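Got your viewer open? Load the model, switch to a cartoon view, and let's walk through it stop by stop.

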Amino acid sequence: MAGGSRAQVNKSHKTRFASKASRNIHKTSVKDKSKISKPDRNVGKGARAARLQRNKMMREQKRAALLKEKRAFSGTTSAPRVIVLFGLSASTNVSSLAGDLLALLSNEKNGTLFPAVASPEYRLRATVLEAPHGDFMACMEMAKIADLIVFVASANCSSEQGSSNYYIDEFGSRCLSVFRSLGLPSSAIFLRDLPPDLKRRNDLKKTCISSLASEFPEDCKIYPADTKDDLHKFMSLYKEQRPTIPHWRTQRPYVMAQKVDVVADGSGKCTLLVTGYIRARNLSVNQLVHVSGAGDFQMSKIELLKDPCLLNVKKEGDFMDADEVNDSQAIRTLVPDPLKQEPLLVENVPNPLEGEQTWPTEAEMAEADREQKEKKQKKRSLPRGTSEYQAAWILDDSDVSGTDSDDGSDNGMVVDEGEYDFAGQNDGGKFDLEDDQASLKLRDSDEETEADSVMMDNENLTKEQIEEDIRKIKEAHAEDEEYPDEVDVPVDVPARKRFAKYRGLKSFRTSSWDPKESLPPEYARIFAFDNFTRTQKHVLSKALDMEQGSEDECVPANSYVKLHITEVPTHIASKLCVLVKTMPVIACGLLQHESKISFLHFRVKKHETYTEPIKAKEELIFHVGFRQFVTRPTFASDNFNSDKHKMERFLHAGRFSIASVYAPISFPPLPLIVLKSRGDSSPPALAAVGSLKSIDPDKIILKKIILTGYPQRVSKSKAAVRYMFHNPEDVKWFKPVEVWTKLGRRGRIKEPLGTHGAMKCILNGVLQQNDTVCMSLFKRSYPKWPEHWFPMSGV
């Protein structure tokens with residue numbers, strides 16, 4: 001190798017003793033190549049070509065859908081974008097910013113009075129709304145329909161003490177959390193009152209950005225907004241952006257009312273006229289509509305009006321003033337088809353005679369005759385000298401259901417019934433003690449809850465009585481957190497009667513519970529789905545087909561229309577006419593079945609700003625998307641590994657719970673905002689936030705109670721326990737139920753001791769003297785049926 005060469009020389013392969021055949025054994029000859037058949041070559045090529053063609057078509061469809069959506073929002077015929085200005089603190093001057101923005105968008109010469117303004121310079125139509133600081137309901141309703149939320153912060157203001165941020169006060173922080181729960185649309189932050197000095201301006205701007213960045217999403221940019229040039233720069237950027245809208249708002253058409261009128265029909269009803277732009281989807285005249293807080297209604301007709309705020313108009317005289325807008329003529333009128341119109345069906349009407357047997361069968365008559373003969377043949381022990389007439393008035397033990405006896409055979413029968421009912425292995429296990437409960441007028445825990453809530457709703461209570469009720473609820477909330485589910489057995493009422501509706505479960509997770517057993521009367525008034533997921537897909541596909549239907553039934557999105565909503569109570573319509581001046585009134589189109597009542601489940605979490613206890617079955621106001629209704633929910637823990645859920649007496653802070661209610665059907669996904677009335681004239685307070693989870697009347701929610709007793713004498717694994725029951729009959733009744741201790745022992749009841757309710761227990765280990773013996777009992781729980789469905793109906 002030459003000295004100047006740097007190339008690497010490898011050792012040659014040893015082919016000295018190898019033959020040509022061995023060197024070429026791995027190669028295929030040209031003659032044999034033609035013999036190797038590849039029958040699937042053409043099939044493979046066709047499958048690959050089909051796959052490539054399918055992917056290309058999917059890309060083109062997505063591109064076309066995206067382009068269509070962009071044109072729908074940014075085109076000249078799109079509905080005006082709703083820009084909401086929200087001040088993060090009370091000291092921020094939002095009115096001046098609204099005036100500057102309107103002056104920039106509108107032509108100052110024409111001075112149009114219509115709520116929407118058209119800007120040929122930015123090729124944009126917009127409606128600017130100023131969120132009133134301190135009015136929570138108005139701010140929340142504006143956030144539901146906003147296409148852009150502008151958070152306005154002042155650089156030289158500071159919020160009150162107790163707020164987590166220097167530029168956001170307590171009300172602003174509470175509204176921000178609600179906006180996040182609803183789903184934030186496109187958003188931006190405007191900084192006002194920056195100093196003119198450049199160095200100080202940049203330093204203060206950096207301080208504001210670092211303080212506000214953690215409260216908002218990453219795509220929410222911060223812009224200075226003191227001068228007209230600052231606003232011009234932002235609007236030049238915003239007009240090119242595709243608005244970000246929460247998904248739940250794109251599932252249903254809705255109209256933000258520009259104007260609300262009333263046409264009286266007599267008999268306490270009227271026709272509500274709602275004028276505005278249709279947004280999100282096409283609206284069919286056969287659909288039902290929900291008016292915020294008022295309820296669900298049908299439409300008599302839809303009038304398609306001339307658009308009063310056209311973007312391509314440049315002449316000053318072509319803009320409509322307010323009088324021309326009110327008197328605008330209808331271009332086209334759509335009338336519903338009686339065969340296709342969705343019926344306004346709310347509750348199912350139960351048939352009281354359904355399942356009844358009007359005439360006994362021959363077998364039942366023969367059975368009754370046989371029992372009568374046996375009763376006559378049965379010997380009765382009567383006092384000496386008693387006549388047959390007198391004997392007819394003397395009742396046997398068998399004639400009274402549920403009576404107690406000192407006889408051992410009756411006690412054994414009670415144990416058998418207890419085993420049948422508490423073991424949880426038979427489906428038909430029930431207690432036969434309704435007569436005893438009716439005679440004793442016993443109150444169950446659910447009835448106590450209802451009575452307490454009614455007492456709280458009574459307006460005739462004095463101030464001292466109201467304060468006493470509030471104190472009792474707070475004490476019950478604190479006790480439920482410290483000793484959950486523990487109850488005391490009353491001394492004067494037998495436990496087998498007081499807890500007659502309860503049963504024991506061998507395992508909360510695996511034991512069976514029939515969802516159709518002993519249902520309340522309210523279940524006859526609700527609707528259920530055989531397969532909810534399949535029904536939801538069918539309803540959404542039907543809504544999509546309806547959008548592509550004829551023009552005689554549907555009004556396309558972005559049209560300016562007047563909705564004629566019928567059968568609206570007059571007092572509700574008059575309230576809406578006053579309400580539209582302070583906050584948006586929204587009319588939302590409903591999907592199929594969404595007016596019917598069913599059993600809805602929500603995933604809720606108590607809001608961190610609400611400190612009062614929220615008791616189960618209290619009256620709450622649920623804001624589900626655009627809809628509002630009144631509910632009385634039950635709360636339960638969210639179990640992922642079981643079909644049963646444990647009821648909670650209060651909605652506890654810091655964790656998610658399941659709220660189950662009777663409410664109109666709504667198809668998820670939908671956000672939830674829970675409000676609670678304060679009882680006086682003040683507006684309702686924010687109590688919880690969450691989302692719609694499912695619709696399932698068969699979901700089992702069990703109320704759990706724990707009876708406790710204390711060891712009196714302990715001998716290895718045997719113990720005498722007292723104070724769980726107060727008579728030996730109760731011990732025999734609950735004997736089949738398993739007992740457990742707080743330190744981890746498990747066992748069973750062997751026999752009663754004495755006459756005061758003490759009992760002997762056998763456990764799987766040595767019981768400590770400081771331990772507590774417990775017994776778990778369960779009963780299915782249901783929410784309360786509200787007195788009225790919508791907030792305005794009960795006022």
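In what order do the strands of the open sheet of 6 strands lie? Reading across, the order is 2-3-1-4-5-6, and the pairing is mixed. Keep in mind as you look that this is a predicted model.

**Stop 1: the sheet**

Select residues 116–119 and 221–224. These are strand 2 and strand 6, the edge strands, each of which pairs on one side only. Now tilt the view: from one strand to the next, the twist averages 30°. As a general point, strands of a sheet pair through backbone hydrogen bonds, either parallel or antiparallel.

For a parallel example, pick residues 148–154 and 186–192. Those are strand 4 and strand 5, joined by 7 bridges. Zoom in on F151, and you'll find its bridge partner in strand 5, I189.

**Stop 2: F151 and the core**

Stay on F151 and show its side chain. What does F151 touch, leaving aside neighbours within four places in sequence? The contacts are F86, L88, L176, F179, L184, S187, A188, I189, F190 and F216.

F151 also belongs to the largest nonpolar core, which has 88 residues. Together with F86, L88, L212, F602, F622 and Y662, F151 touches the most other members of that core. Next, highlight residues 136–145: this is helix 5, and it gives the core its largest share, 8 residues. In soluble globular proteins, nonpolar side chains tend to be buried together.

Want to see another core? Select V291, L304, L563 and A587, which are among the 28 residues of a core lying apart from the largest one.

**Stop 3: helix 6**

Select residues 170–182. Helix 6 has 13 residues and spans 19 Å from its first C-alpha to its last, close to the 18 Å expected at 1.5 Å a residue.

Which residues of helix 6 are buried? Colour F171, G172, C175, L176, S177, V178, F179 and L182. An α-helix has 3.6 residues a turn, so residues three or four places apart point the same way. Now show what the buried residues of helix 6 pack against: strand 1 (81–87), helix 5, strand 4, strand 25 (671–676) and strand 26 (685–695). Just after the helix, click on G183, where phi is positive, near 100°.

**Stop 4: R279**

Jump to residues 269–279, which form strand 9, and pick out R279. Is R279 buried or exposed? R279 counts as buried because its relative accessible area is 6%, below the 20% cut-off. Beyond its neighbours within four places in sequence, R279 is in contact with A79, P80, V82, D147, R252, P253, Y254 and M256.

**Stop 5: V539**

Head to helix 17, residues 532–547, and select V539. With 2% relative accessibility, V539 is buried too. Not counting residues up to four places away in sequence, V539 touches L591, Q592, H593 and F667. Try the distance tool on V539 and H593: they are 54 residues apart along the chain, yet their C-alpha atoms are separated by 8.5 Å.

**Last stop: zoom out**

Now show the whole protein, with its 19 helices and 32 strands. Buried residues make up 45% of its 795 residues. Among contacts with a separation of 6 or more, 78% are between residues 24 or more positions apart. Finally, turn on the surface: the protein exposes about 43800 Å², and carbon and sulfur atoms supply 51% of that.

Definitions and conventions
Residues are numbered from 1 along each chain as its sequence is written. This is a predicted model: local features need pLDDT of at least 70, side-chain atom pairs count only at pLDDT 80 or more; totals for chains, interfaces and linings use all residues. Side-chain values use heavy atoms; hydrogens and water are left out. Two strands pair if DSSP finds at least two bridges between them. Helices (H or I, at least four residues) and strands (E, at least two) are DSSP runs, numbered from the N terminus. Axes are lines fitted to C-alpha atoms, for helices over the stretch in contact, and angles run from 0 to 180 degrees between N-to-C directions. A nonpolar core is a set of buried Ala, Val, Leu, Ile, Met, Phe, Trp, Tyr and Cys residues joined through side-chain atoms within 4.5 Å. Buried means under 20% relative accessible area, exposed over 50%, partly exposed in between (1.4 Å probe, protein chains only). Contact means heavy atoms within 4.5 Å. Accessible areas come from the Shrake-Rupley method with a 1.4 Å probe; for residues, only the protein chains shown count as cover. The expected span of a helix is 1.5 Å times one less than its number of residues.
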